[in-house]
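Student: Can we go through this one together? I'd like to ask things as they come up.

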Amino acid sequence: MSRDDSIFFSKNCIYFLFNFSKLIWLSFCLHVFPEAIMALCRDLWSRNLLALSLLFYFLLTLDVHARPANMSSSKDKSPATKDENEILPPDHLNGLKMEMDGHLNKDFHQEVFLGKEMDDFEEDSEPKQNRKKLIEIFTKVDVNKDRSVSAKEMQHWIVEKTKEHFKEAMEENKNSFRAVDPDGDGYVTWNEYKVKFLASKGFNETEVTDKIKKKEELKLDEETQEVLESLKDRWFQADNPPADQRLDEEEFLSFLHPEHSKGMLRYMVKEIVRDLDQDRDWKLTLSEFISLPVGTVENQQGQDIDDDWVKERKKEFEEVIDSDRDGIVTMNELEEYMDPMNEHNALNEAKQMIAVADENQNHRLELEEILRYSEYFTGSKLMDYARNVHEEF
C-alpha cells in the first residue's frame with residue numbers, strides 16, 4: 001500500500017468511527033429526530049457507502065417496541081413549548097378524573113390527596129423526607145385528632161385539595177391572558193388569539209397579523225387547520241351571553257379550564273362522548289368506552305399494557321361512572337363523574353381511597369396503612385415505612 005493510500009485509508013477510518021458514534025446516538029432518537037438521521041445519511045452517501053450500509057443494518061436490528069396510543073398522560077411524552085402551554089387548553093387538568101381526550105387520569109388519586117404539594121413527592125426523593133411529609137399530611141387530614149381518618153375527613157380534604165388546583169389554574173390563567181391580550185384592553189378577540197396560537201407554532205406573527213387584517217388566506221397544514229377549527233368551536237362556547245365574540249379573563253379561564261364553568265364542563269363531556277360514541281346515540285356502552293384505539297402491539301409487553309388499560313377502563317365504567325348500573329353511561333352521568341366540585345363524588349372517592357389501604361377493615365385509615373400504601377397516595381414508595389413512625393408522629 002502506498003503512502004497516499006495509507007493516508008486515505010486512515011482518514012476514512014477516522015471519519016467512519018466519528019460518524020458511527022453519532023449514529024449510535026441518533027438511532028436512539030429515531031422517532032424524535034428523523035430529519036437529522038436523513039441529513040446524516042445523505043452526507044454518508046456522498047462520502048462513505050460502507051458506513052451507510054452499517055447504519056441501515058444497525059437501525060433494522062433495533063428492538064423498537066410499539067406502545068399503545070392511549071397513553072395521553074404518560075411522563076415520557078414530549079412536552080409542549082412554554083408558549084403553547086400558556087395559551088393552549090391543556091389535555092391534562094389537575095383534579096379531573098379524565099383527560100380532555102377521554103383517557104383516564106393516571107395521577108388523579110395523588111392530585112386530590114396532595115394538591116399543590118404533589119411536586120414535593122418525586123420518585124428520587126429521600127424516603128425519610130417523604131415519610132415525614134406524609135405524616136404531616138396525615139395529621140392535617142385527621143381533623144378530630146383520633147389518629148385515624150374517616151371517609152368524611154377524607155372527603156373534606158379532597159374538596160380542599162381540589163380547590164387548591166382551581167386556585168392554581170386561576171393564577172396561571174392571569175399570565176396566559178396577558179400573553180394573548182396584546183393591547184391590554186381586558187378582552188381577547190378570536191383573531192388576536194389565533195395570531196398568538198400560530199406564532200407559538202412557528203409562524204411569523206407579523207405576517208399572520210397582516211394577512212388576517214387583509215383577510216387573506218393563511219396557508220396552513222391540515223393538522224394545524226383542524227386544531228384551529230376545534231379551538232374556534234371551543235372559543236365560542238366559552239363566550240358567555242350576551243355573546244360579543246371576544247373573551248374577558250373569566251371567559252378565557254373557562255376556555256383553558258372547562259372545569260371552572262358548568263357550561264364548558266358539559267361541552268367537554270359532549271366532546272368526549274362524541275369521540276367515543278360509535279352509534280351516535282349520545283350514550284356510551286362498555287364496549288364503546290373501552291374501544292379507544294390501543295395501537296398495534298408487537299410483543300407481550302405491549303399486549304400487557306393494552307390488557308391492563310382495558311381492565312382499568314372496564315372497572316371505572318362499571319363501578320364508578322355508571323351510577324345506576326344499567327350498563328349505559330349517559331351524558332349526565334359522565335358530567336357528574338367529571339365535575340371536580342361534586343361533593344358526592346368526593347365522598348365516593350374518599351371511600352374508594354380508604355378501601356384500597358384499609359387492611360383492618362374498620363372503614364378508616366390509620367397512619368401505618370397510609371404509609372404502607374404510600375405509592376397509591378403519593379406516587380412514591382417508602383422503604384422502612386414503619387421505622388420510628390410513632391416517634392415521628
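Student: Let's start with Tyr 193: buried or exposed?

Tutor: Tyr 193 is buried, because its relative accessible area is 0%. The cut-offs are under 20% for buried, over 50% for exposed and in between for partly exposed, using a 1.4 Å probe and protein chains only. Keep in mind that this is a predicted model, where local features need pLDDT of at least 70 and side-chain atom pairs count only at pLDDT 80 or more, while totals for chains, interfaces and linings use all residues. Residues are numbered from 1 along each chain as its sequence is written, and side-chain values use heavy atoms, leaving out hydrogens and water.

Student: OK, what about rings? How many aromatic pairs are there?

Tutor: The count is 12 aromatic pairs. Rings of Phe, Tyr and Trp (its six-membered ring) pair if their centres lie within 6.5 Å, and the planes make them stacked under 30 degrees, edge-to-face over 60 and tilted for the rest. Take Trp 190 and Trp 235: their ring centres are 5.6 Å apart with planes at 65°, so they're edge-to-face.

Student: Where do Trp 190 and Trp 235 lie?

Tutor: Trp 190 is in helix 8 (residues 190–200) and Trp 235 in helix 10 (residues 222–238), so the pair ties together parts 45 residues apart in sequence. Helices here are DSSP runs of H or I with at least four residues, strands are runs of E with at least two, and both are numbered from the N terminus. Both Trp 190 and Trp 235 are buried.

Student: Back to Tyr 193, then. How far apart are the ring centres of Tyr 193 and Phe 252?

Tutor: They are 6.3 Å apart, and with the planes at 65° that pair is edge-to-face too. Tyr 193 belongs to helix 8 and Phe 252 to helix 11 (residues 249–256), so this pair ties together parts 59 residues apart in sequence. Phe 252 is buried as well, since its relative accessible area is 0%.

Student: Which residues do ring pairs link into a cluster?

Tutor: The cluster holds Phe 177, Trp 190, Tyr 193, Trp 235, Phe 252 and Phe 255. Phe 255 also has the charged end of Arg 234 over its ring, 5.8 Å from the centre. Elsewhere, Lys 161 lies over the face of Trp 157, 4.3 Å from the ring centre. To count, NZ of Lys or CZ of Arg has to be within 6 Å of the ring centre and within 35 degrees of the ring normal.

Student: New topic. How many cavities of 30 Å³ or more does the search find?

Tutor: It finds two, and the largest has a volume of about 110 Å³. On a 1 Å grid over the protein atoms alone, a cavity is a set of points where a 1.4 Å probe fits but cannot get out, and its lining residues have an atom within 4 Å of a point. Points are joined across faces, edges and corners, and the volume is the space filled by probe spheres set on them.

Student: And how many residues line the largest cavity?

Tutor: There are 15, with Lys 97, Phe 108, Asp 339, Pro 340 and Asn 345 nearest its centre. Helix 5 (108–114), helix 7 (151–180), helix 15 (331–338) and helix 16 (343–357) each give two or more residues to that lining. Helix 16 gives the most, with three residues.

Student: Why is helix 15 largely enclosed by the rest of the structure?

Tutor: Six of its eight residues are buried, so the rest of the structure largely encloses helix 15. Glu 333 and Glu 335 are among those buried residues.

Student: Last one: anything odd in the backbone?

Tutor: A few things. The peptide bond from Pro 241 to Pro 242 is cis, with omega near -10°, and Pro 242 is in the loop between helix 10 and strand 2 (246–247). Arg 280 isn't a glycine, yet has a positive phi of about 60°. Arg 280 sits in the loop between helix 12 (262–276) and strand 3 (284–285), and counts as exposed because its relative accessible area is 54%.

Student: What about Gln 361: buried or exposed?

Tutor: Gln 361 is exposed, with a relative accessible area of 57%. Gln 361 also has a positive phi, about 55°, although it is not a glycine, and is found in the loop between helix 16 and helix 17.

How values were computed: On a 1 Å grid over the protein atoms alone, a cavity is a set of points where a 1.4 Å probe fits but cannot get out, and a pocket is an open set with protein on both sides within 12 Å along at least five of seven lines; lining residues have an atom within 4 Å of a point.
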